[in-house]
Amino acid sequence: YFLNLAGFNSFISGDAANFFGFRTGVDYGHRLRFGMGFFLMNPNDVTSTITVTEDTLQSRVSGELQVRYFSVTAEYVFYNRRPWQFSVFPVDIGLGGAHYRYISQLGSKPRLQTPDVPLVFYQPSVTAQYYLFRWFGLGASVGYRMTLYASEQVKEDWSAIGFSAGIRVLMDELYHEVFPDG
């Protein structure tokens with residue numbers, strides 16, 4: 001099995017967006033991995049002008065986009081000679097939802113949100129990692145998110161490049177390092 005903390009950067013309608021979450025799953029021979037994960041977008045990254053109706057008052061307000069989704073992945077490691085590892089994610093399907101949070105124009109409640117709408121993404125990518133220890137290393141990834149379905153109620157351009165660079169902490173390998181008999 002594997003358990004990884006994960007994060008990546010992307011764009012939504014031209015605005016920078018940061019996603020963070022985790023991925024877990026099964027590993028077959030350090031070559032093929034099937035996993036699932038959960039990701040959230042940093043809540044203050046994307047703000048758009050939206051039209052809302054409160055009671056009978058229709059107004060244009062600044063809406064803060066909020067996104068969360070589950071991912072289903074398949075990863076193929078095509079090079080794995082310590083300290084280097086290179087892989088490709090030919091399958092990375094995201095299923096989730098989005099809504100906007102905004103400040104009420106009537107003052108009845110300080111913060112309101114639009115109804116949650118479904119999103120479906122396909123995001124293939126490639127990764128490169130250099131391990132300093134079995135459980136800790138440096139890594140980078142690049143991919144492209146394609147929108148398979150997005151409701152018209154959230155009018156954003158979802159298709160964009162995704163990328164990350166930073167440290168990699170493999171929680172399952174760290175656990176085996178700390179508890180070798182576990």
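Analyst: Let's start with three handy words: buried means under 20% relative accessible area, exposed means over 50%, and partly exposed is in between (1.4 Å probe, protein chains only). You are looking at a predicted model, where local features need pLDDT of at least 70 and side-chain atom pairs count only at pLDDT 80 or more, while totals for chains, interfaces and linings use all residues. Residues are numbered from 1 along each chain as its sequence is written, and side-chain values use heavy atoms, leaving out hydrogens and water.

User: Is D116 buried or partly exposed?

Analyst: The relative accessibility of D116 is 37%. Because partly exposed covers the range between the 20% and 50% limits, D116 counts as partly exposed.

User: How many residues apart in sequence are the parts that R68 and D116 tie together?

Analyst: The side chains of R68 and D116 meet in a salt bridge, 2.4 Å from N to O; the term stands for a side-chain nitrogen of Lys or Arg within 4 Å of a carboxyl oxygen of Asp or Glu. R68 is in strand β5, whereas D116 is in the loop between β7 (111–113) and β8. Strands are DSSP runs of E with at least two residues, numbered from the N terminus. The parts tied together are therefore separated in sequence by 48 residues.

User: Which residue forms a salt bridge with E75?

Analyst: The closest N and O atoms of this pair are 3.1 Å apart. One partner, E75, is in strand β5, and the other is in strand β3, 42 residues away. Both partners are buried. The residue paired with E75 is R33.

User: Which residue joins R33 and E75 in a network of salt bridges?

Analyst: By the salt-bridge rule, the count comes to 6. R33 and E75 are linked in a network with one further residue, D27.

User: Which strand gives the largest share of the largest nonpolar core?

Analyst: A nonpolar core is a set of buried Ala, Val, Leu, Ile, Met, Phe, Trp, Tyr and Cys residues joined through side-chain atoms within 4.5 Å. The largest one has 22 residues, and those touching the most other members include F19, Y69 and W158. Elements giving two or more residues include β1 (2–12), β5 (57–81) and β8 (117–122). The largest share, 4 residues, comes from β5.

User: How far apart in space are I103 and V61?

Analyst: I103 lies in strand β6 and is exposed, with a relative accessible area of 52%. Beyond its neighbours within four places in sequence, I103 is in contact (heavy atoms within 4.5 Å) with V61, P110 and R111. I103 and V61 are 42 residues apart in sequence, yet their C-alpha to C-alpha distance is 7.7 Å.
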